[in-house]
Amino acid sequence: MQRDPFGIMLWLPRILGCCLIIVWTMASTGSKAIQPIMNSQGLVAAGGSLAEYRMSTFLYLPPNSVMEAVKIRRFAKQLQAASPMVKYLLVIKMVGAVGGKSDFVKYMPDALAPYVPPYELAFGSKFDTQDLNRKRWTSEQAAVFFDDLIRKDINFNSVAPLNPTLSKHSAYWSSLDFSLTPFLLSGFTCAVASSLSAERFQQLAKALKQKNAPLKEDQQIRDQQISQKQADSLGLLACELDSNYIKTSGKNFLKQLNQCHSFTQDQIPAIQALLISGKTSFGPPSKWTASHLDDLEGLITFFDQKILSEIPKDILIPWLKTFIQDTHLPREKLVGLMERLFRAYKRQGTSGCPADKTVTEDVVKGLLMPLDYTPEELYACLTPAVLQKYLDLISQQAFTTEQSMAVKEKLDEMYPGGYPESVLHRLRGFLHEMTPEDVMKWKITSVDILYSLLANQPPDIVASTIIKKYMNSEQFLDSFSVFAIGTRYICLLDAEQLSYIDEESIQYSVSLDPSRCSQTTKDRLYPKAKNAFFHQQSDRADYYNLIRPYLGGAPSEDLKILHSYEINMDIETFMNLRKNSLMKLTPSEVKGLLGVNVQDLKKNQNKTPIKEWIQLQNQEELDKIGVGLTSGNPGTQHLTTTNWTMAIIRSRTIQPIVTTQGLLAAGDSLAEYRMSVFLYVPPNEVLQAVKNQRFAQQLQAASPMVKYLLVIKMIGAVGGKSDFVKYMPDALVPYVPPYELAFGYKFDTQDLNRKPWFSEQAAVVFDDLIKKNVDFSSGFTCAVASYLNAERFRQLAKALKQKNVPLKEDQ
């Protein structure tokens, strides 16, 4: 399915203006002006310094040029240094470059894989298993296609010989057992497990265990005791063991804990207590050597002040210099470590700048500058010239809060009217010391600056002001803006700001999760997400994995439909559902939603909102769940008792329509039907129905939501877009998403010409059609006009005049 992943026809004119021919993008990297990169050669040439480039430099790079560049192994490795915003843009370019998804996955560099929108990985059965298996997917990505792969006849643990000479022989590959990587196995969900036989499930469990697949809490089964042998078997799964295990037997899996990326608030003090006790193979911290610190490197940022103060200083400081130079830890973790070290090595500052504390280039390149200066010394010794020249290096230092405030004071003196953009994108950690009043002085006019600021995770009140300043200048939120805002700040958006997020921005989000937002925010985002992923409903597991983060805003009608999908909803998602929607669910519907997780109802029966839901239920209905719940209200009757989709119209209950005959029979009264009635009608049945001339005319009376649904069904019904346009009734034409009309040259010109398109739709196909030897109609843009010679341009102008084409102001 071809699409316009940027929303290019919607937002590009706002940036470029009409007929823009040459664009120079100025990126403030030092004093160097960077020209937009327009081909694969330029992209490859930039590989050695990708960290210096902003996203805007690559904005006009053709998708096929990206595809050519990533096939070069050296460039693919260099992509690791690019900013997340640049990586995300290049992924979107790759999506638009390929005709089929198999190439898209095959050539995706490891550096870009985490930035692939999960939506693009739906229908995993269409991908080559080996291609998928080579990538480092996140669990959210792997979950989308894992259910398709799991049903293939593959051995989860076997080692497949990678013989390039056999790669073209599909028969060979289809008969070969594949070895699934931990990154792919991390896509395991209970919904997938329920589709497997006992034998296949045992194979999966063995593979998850042997390959240390990084699973979440709801993917695991815990043992009661952890011995060293069990810890060795668990591997990285030991990271999920709670504080009680760490207190009683943590010494047996300290090696595994050292490899964990994060811990819960309960685990951290348990680990600290274990280390300070000295009851490990390393002994007490006072006896540690550099070798011991090497073995505990993964836990260094969790050392508290007491542990740090006991480690011999002549051992710790030299070791830290090497560690900081080689580490890829987030800055905030290093700052926390430095603050604890600063407190452990207390010393008094001096007034003025000591002679031996002058800040030079060598000093700012030092790895432990925060330990060498008190806040007072930093302010006194840091000159404006040095700060301006070396702000990039200085802002990377893991300064304490007090030291950062000293640097901010210097910056405020240098730029009393507000920081220029050349400073904004280099602030990094200093952003934490800024206030909303500071932000109000800034000009934030590009998504590059928006991302640079928010990527440093400023406090919510500052982030909210940054977003407001950006929207004051841009007035829209495309997929790149949403990427920059991310899960961390999506909850800060108000109603007006949320209205600027469209379905495509959600469709192409990488890991947006509004489940922790206010109910108002969830209610506003859910309909957008539902529309974004609507045509994925033919694969229920894919649809659920995509829509799951947004279900907190789902109405009860949609949840009642989901209960038959065999999704095995986890209890956290269930408890995060909209309360009034949850209260309308029957026990049988709740059992259908939770599936194999239904036992978790019992474990959480005293928590809100499960407690309130139980109290509303009839005891006899609760007993059918079979987990021992007690409502205390044996006579309570539930709000509804039917499993059908309910459409209350003049006291009439309408059953779902699922056939062509049912659609035709409903033609005379389409105005009475809600969208949910047609939810399960197969796409091919819709295509057959719209070929009936009488039914095609009757569609005019249907509601807009019904029309939109039928359009989406038609899109899913056809193998090629020519039929999709050919049989589209006039009544449905206004509801065709413009991105479905991309690459208009693939359509029959006569078919396109018969439809009453509006200008946004026509603009998508017009630039292709205009190059053909055809008469002209609406849809023209200045960018299209630039393709024409003088004679063809005169023909266009004449056609526009004669046919009274309704043009917009910018045309």
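Which residue lies over the face of Tyr107, and at what distance from the ring centre?

**Entry 1: charges over rings.** I started with that one, keeping in mind that this is a predicted model. Lys71 is the residue over the face of Tyr107, and the distance to the ring centre is 4.5 Å. I then looked up Tyr727 and found the charged end of Lys691 over its ring, 4.5 Å from the centre.

**Entry 2: aromatic pairs.** Next I went through the rings, and the structure holds 15 aromatic pairs. I picked Tyr119 and Tyr508, whose ring centres are 5.9 Å apart. Their planes stand at 65°, and the cut-off for edge-to-face is over 60, so that is what I call this pair.

Where do these two tyrosines sit in the chain? I found Tyr119 in the loop between helix H6 (101-106) and helix H7 (129-133). Tyr508 is in the loop between helix H33 (503-507) and helix H34 (519-532). The pair therefore links distant parts of the chain, 389 residues apart.

I also checked whether the two partners are buried or exposed. Tyr119 has a relative accessible area of 1% and is buried. Tyr508 comes out at 0% and is buried too.

**Entry 3: a stacked pair.** Tyr419 and Trp442 caught my eye next, as an aromatic pair that is stacked. I noted 5.7 Å from centre to centre and 25° between the planes. Tyr419 lies in the loop between helix H26 (401-414) and helix H27 (421-424), while Trp442 lies in the loop between helix H28 (436-439) and helix H29 (447-454), so the pair ties together parts 23 residues apart in sequence. Both Tyr419 and Trp442 are buried.

I closed the ring search with a cluster: ring pairs link Tyr88, Tyr115, Tyr451, Phe480 and Phe483.

**Entry 4: salt bridges.** How many salt bridges does a search of the whole structure find? I have 14 in my notes.

I looked up Arg428 and Asp392, which form one with their closest N and O atoms 3.4 Å apart. Arg428 is in the loop between H27 and H28 and Asp392 is in helix H25 (residues 391-394), so this bridge ties together parts 36 residues apart in sequence. Arg428 is partly exposed at 27% relative accessible area, and Asp392 is partly exposed at 28%.

I then turned to Glu612 and Lys579, whose side chains meet in a salt bridge of 3.8 Å, N to O. Glu612 belongs to helix H41 (residues 610-616) and Lys579 to helix H38 (residues 579-582), so here the parts tied together are 33 residues apart in sequence. Glu612 is partly exposed at 23%, and Lys579 is partly exposed at 42%.

My last bridge was Asp600 with Lys603, the closest N and O atoms being 3.5 Å apart. The two residues are three apart in helix H40 (residues 600-603), so about one helical turn separates them. Asp600 counts as buried at 17% relative accessibility, whereas Lys603 is exposed at 66%. I also jotted down a network: salt bridges with shared partners join Asp392, Arg426 and Arg428.

**Entry 5: helix H16.** I finished with H16 (residues 267-277) and asked which of its residues are buried. My list reads Gln267, Ile268, Ala270, Ile271, Gln272, Leu274 and Leu275. These buried residues pack against helix H14 (243-249), helix H15 (254-257) and helix H18 (305-310). After H16 comes Gly278, which has a positive phi near 80°.

Conventions. Residues are numbered from 1 along each chain as its sequence is written. This is a predicted model: local features need pLDDT of at least 70, side-chain atom pairs count only at pLDDT 80 or more; totals for chains, interfaces and linings use all residues. Side-chain values use heavy atoms; hydrogens and water are left out. Buried means under 20% relative accessible area, exposed over 50%, partly exposed in between (1.4 Å probe, protein chains only). Helices (H or I, at least four residues) and strands (E, at least two) are DSSP runs, numbered from the N terminus. Contact means heavy atoms within 4.5 Å. Rings of Phe, Tyr and Trp (its six-membered ring) pair if their centres lie within 6.5 Å; planes under 30 degrees apart count as stacked, over 60 as edge-to-face and the rest as tilted. A charge sits over a ring if NZ of Lys or CZ of Arg is within 6 Å of the ring centre and within 35 degrees of the ring normal. A salt bridge is a side-chain nitrogen of Lys or Arg within 4 Å of a carboxyl oxygen of Asp or Glu.
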